[in-house]
Amino acid sequence: MSTNLKYLSLGILVFQTTSLVLTMRYSRTLKEEGPRYLSSTAVVVAELLKIMACILLVYKDSKCSLRALNRVLHDEILNKPMETLKLAIPSGIYTLQNNLLYVALSNLDAATYQVTYQLKILTTALFSVSMLSKKLGVYQWLSLVILMTGVAFVQWPSDSQLDSKELSAGSQFVGLMAVLTACFSSGFAGVYFEKILKETKQSVWIRNIQLGFFGGIFGLMGVYIYDGELVSKNGFFQGYNQLTWIVVVLQALGGLVIAAVIKYADNILKGFATSLSIILSTLISYFWLQDFVPTSMKDWVGQVQWLIPLIPTLWEAKAEELLEPMSLRPA
Ligand code: C5P
């Protein structure tokens, strides 16, 4: 049962990440009249939707009894303020991370940002080993390094794609520091959330309500700080259209799926799933949307396709099995 949930949640994550990237890309290229939606408000709406969906899931787990739902929310959230407060840590770090990524994207070209951000595959593994005492063998580290390099190469820009606008060394340094800090915060927040999920009794949906609660508060602070004036002039939902709602729903779904993946699989497997979706969305945008894809991508798809079976094989390999001579293996 839990193996099924593990692969189901990983499969949905690949689907969700791929469709989110493609929808966001499509929504950005679409020419619209009037003001564009504010991404700071979209973050808050996504948190609210996530909380509502989690409440529905808790309601279903309480055998669809409103009284039981009320009791669970009271007992597990209101009456356990210290347990609830624990989630302010990953939530605060995720908020910081989202802002750091914004700083990174303003100071680096998109390709450098994407390539450097892949380092989070290794920081996640490092935090999983140090905080959760996970054991990774040599071949597993090797497969993570190959995965990280493979995804980085798929995103490598071609000369023509490089930003023509000159970025100063100082601003490149700020961008690089921001993205490197985000790699560590991503690894730490994910593993911290996994530790809370796996070492305490509260259900994953209750934990997500707590996370979303703090996320909503931090998000509202973001709206006030960045877009307070625009919101008071044109309203909270300015520029929202059907596509905005699809992006927001996909983002909220992403939060739910990531939580399920962390619960039933782990953060390292989450890295495998998101890497797969990076490759998928690049391929789809090239073949279906006739999008511009760096020439290096076309070359690299040919050259790195052998990594696809190699990485899982290495990951599953036990060092002694690979080192043992064939003749010594039982027939
Ligand atoms: O890049 P990374 O994988 O660390 O991004 C994780 C994202 O997932 C963050 O933006 C965070 O807000 C979101 N998340 C969520 N619900 C969870 C865990 C993560 O919305 N339970």
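Here's a quick tour of one bent helix, some ring pairs and the salt bridges in this structure. Keep in mind that the model is predicted. It holds 10 aromatic pairs and 8 salt bridges, and a few of each are picked out below.

**Helix α10**

- Helix α10 runs over residues 204–234, and its 31 residues don't reach as far as you'd expect: the end C-alpha atoms sit only 37 Å apart, against the 45 Å of a straight helix at 1.5 Å a residue.
- There's a bend of about 90° in α10, and it falls at aspartate 227.
- Right after α10 comes glycine 235, which has a positive phi, near 95°.

**Aromatic pairs**

- The structure has 10 aromatic pairs. Take phenylalanine 127 and phenylalanine 188: their ring centres are 5.7 Å apart with the planes at 70°, so this one is edge-to-face.
- Phenylalanine 127 belongs to helix α7 (residues 120–132) and phenylalanine 188 to helix α9 (residues 169–199), so their pairing ties together parts 61 residues apart in sequence.
- As for accessibility, phenylalanine 127 is buried at 18% relative accessible area, while phenylalanine 188 is partly exposed at 24%.
- Phenylalanine 237 and tyrosine 240 also pair up edge-to-face, because their planes are at 85°, with ring centres 5.1 Å apart.
- In that pair, phenylalanine 237 is partly exposed, with 47% relative accessible area, whereas tyrosine 240 is buried, with 14%.
- Phe237 and Tyr240 are part of a cluster, joined through ring pairs with Tyr37, Phe236 and Trp245.

**Salt bridges around glutamate 83**

- Glutamate 83 meets lysine 86 in a salt bridge, N to O at 3.0 Å. Lysine 86 is partly exposed, at 29% relative accessibility.
- Arginine 207 bridges to glutamate 83 too, with the closest N and O atoms 2.5 Å apart.
- That contact brings in the bent helix: arginine 207 lies in α10 and glutamate 83 in helix α4 (residues 81–85), so the pair ties together parts 124 residues apart in sequence.
- Arginine 207 is buried, at 0% relative accessibility.

**Salt bridges around glutamate 194**

- Lysine 198 and glutamate 194 form a salt bridge whose closest N and O atoms are 3.1 Å apart.
- Both residues are in helix α9, 4 residues apart, or about one turn of the helix.
- Lysine 198 is partly exposed, with a relative accessible area of 40%, but glutamate 194 is buried at 0% relative accessibility.
- Glu194 and Lys198 also belong to a salt-bridge network that takes in Lys134 and Asp266.

Methods:
Residues numbered from 1 in each chain as written. Predicted model: local features only at pLDDT ≥ 70, side-chain atom pairs only at ≥ 80, totals over all residues. Heavy atoms only, no water. Helix = DSSP H or I, 4+ residues; strand = E, 2+ residues; numbered from the N terminus. Expected span 1.5 Å × (residues − 1). Bend = angle between axes of the 7 residues up to and from the residue. Phe/Tyr/Trp six-rings, centres within 6.5 Å; stacked < 30°, edge-to-face > 60°. Buried < 20%, exposed > 50% of the residue type's maximum accessible area, 1.4 Å probe, protein only. Salt bridge = Lys/Arg side-chain N within 4 Å of Asp/Glu carboxyl O.
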